[in-house]
Amino acid sequence: MSFRNGIGWDSHPLAEGRPLILGGVEVPDAERGLGGHSDADVLTHAVIDALLGAAGLGDIGHHFPDTDERWRGADSIVLLREAVRLAAERGWSVSNLDATVICQAPKLAHHREAMQARLAEAAGVATDAANVKFTTGEQMGFVGRGEGIAALATAALKR
Ligand code: MG
């Protein structure tokens, strides 16, 4: 069997008056959400870039540009499904995903299972093949100062 790996990274600024959506899950106890053209789901965006990278399909900005009105307020899980479909057209299916969300606040661990379930469903893998981890910025940098949230992901595809 043939395998490919990809990585993805994204960050978005925290903004008033926006819901916080991560891994397709709205975090109800968040005081602020993330700003961006789509729903600004930074975790799903990192996963999409990892998948596109593994499939040799460029990046999220190429497929879903933020200058395109079609993607204003877009549900990023829909974009993830499209990335999975594009990879499948090239003969690749998802083997596993792994991601880390770097967020100072709020605490996110109790949303882990819901995020893993949504990402796994969209990617067509078992829940334990869509792992999500959380870490803080240890008060350092833009994450630590509460200016934004970042996410890092890897994806493995199998032929
Ligand atoms: Mg993004």
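User: Why is Glu147 called partly exposed?
Analyst: In this predicted model, Glu147 has 41% relative accessibility. Buried needs under 20% and exposed needs over 50%, so 41% falls in between and Glu147 counts as partly exposed.

User: And what makes Arg145 exposed?
Analyst: Its relative accessible area is 55%. The cut-off for exposed is over 50%, so Arg145 passes.

User: How do you know that Arg145 and Glu147 form a salt bridge?
Analyst: Their closest N and O atoms are 2.7 Å apart. The limit is 4 Å between a side-chain nitrogen of Lys or Arg and a carboxyl oxygen of Asp or Glu, so the pair qualifies. Salt bridges with shared partners also join Glu82, Arg85 and Glu89 into one network. The structure holds seven salt bridges.

User: What makes Arg81 and Glu121 a salt bridge?
Analyst: Same kind of check: the N to O distance is 2.7 Å, and the cut-off is 4 Å, so the two side chains count as a pair. This one links distant parts of the chain, with Arg81 in helix H3 and Glu121 in helix H4, 40 residues apart.

User: Are those two buried or exposed, or something in between?
Analyst: In between. Arg81 is at 35% relative accessibility and Glu121 is at 48%. Neither value is under 20% or over 50%, so both count as partly exposed.

User: Which residue pairs with Glu69 in a salt bridge?
Analyst: Arg72, with the closest N and O atoms 2.9 Å apart. Here Glu69 and Arg72 are both exposed.

User: Asp39 has a charge too. Why is no salt bridge listed for Asp39?
Analyst: The nearest side chain of opposite charge, Arg18, is 6.5 Å away. A salt bridge has to be within 4 Å, so Asp39 has none, though it is buried. Asp39 sits in the loop between strand E4 (33-34) and H1.

User: What polar partners does the side chain of Asp39 have?
Analyst: The side chain of Asp39 makes a polar contact with the side chain of Ser76 at 2.5 Å. A polar atom of the Asp39 side chain also lies 3.1 Å from the backbone nitrogen of Asp41. Leaving aside neighbours within four places in sequence, the contacts of Asp39 include Arg18, His45 and Ser76.

User: Which residues coordinate the magnesium ion?
Analyst: Asp10 (OD), His12 (NE2) and His45 (ND1), at 2.0 to 2.2 Å. The cut-off for a donor here is 2.8 Å, so these atoms count as donors. Along the chain the donors follow the spacing D-x1-H-x32-H. Asp10 in strand E1 and His45 in helix H1 are 35 residues apart.

User: Why are Asp10 and His45 called buried?
Analyst: Asp10 is at 17% relative accessibility, and His45 has a relative accessible area of 8%. Buried means under 20%, so both meet the cut-off.

User: How many residues are in the largest nonpolar core, and which touch the most other members?
Analyst: The core has 51 residues, and Leu22, Leu43, Leu51 and Leu80 touch the most other members. The largest share, nine residues, comes from H1. Not counting neighbours within four places in sequence, Leu80 is in contact with Thr44, Val47, Ile48, Leu51, Leu119 and Ala122.

User: Last one: what makes Pro65 partly exposed?
Analyst: Pro65 is at 24% relative accessibility. Buried stops at 20% and exposed needs over 50%, so Pro65 counts as partly exposed. Pro65 lies in the loop between helix H2 (60-63) and H3, and touches His37, Ile60 and Trp71, not counting residues up to four places away in sequence.

Terms used
Residues are numbered from 1 along each chain as its sequence is written. This is a predicted model: local features need pLDDT of at least 70, side-chain atom pairs count only at pLDDT 80 or more; totals for chains, interfaces and linings use all residues. Side-chain values use heavy atoms; hydrogens and water are left out. A nonpolar core is a set of buried Ala, Val, Leu, Ile, Met, Phe, Trp, Tyr and Cys residues joined through side-chain atoms within 4.5 Å. Buried means under 20% relative accessible area, exposed over 50%, partly exposed in between (1.4 Å probe, protein chains only). Helices (H or I, at least four residues) and strands (E, at least two) are DSSP runs, numbered from the N terminus. Contact means heavy atoms within 4.5 Å. Lys and Arg count as positive and Asp and Glu as negative; His and the chain ends are not counted. A polar contact is a pair of N or O atoms within 3.5 Å; within protein, one must be able to donate a hydrogen and the other to accept it, and residues adjacent in sequence count only if both atoms are side-chain atoms. Donors are N, O and S atoms within 2.8 Å of the metal (3.2 Å for Na, K and Ca); water is not among the atoms, so sites may look incomplete.
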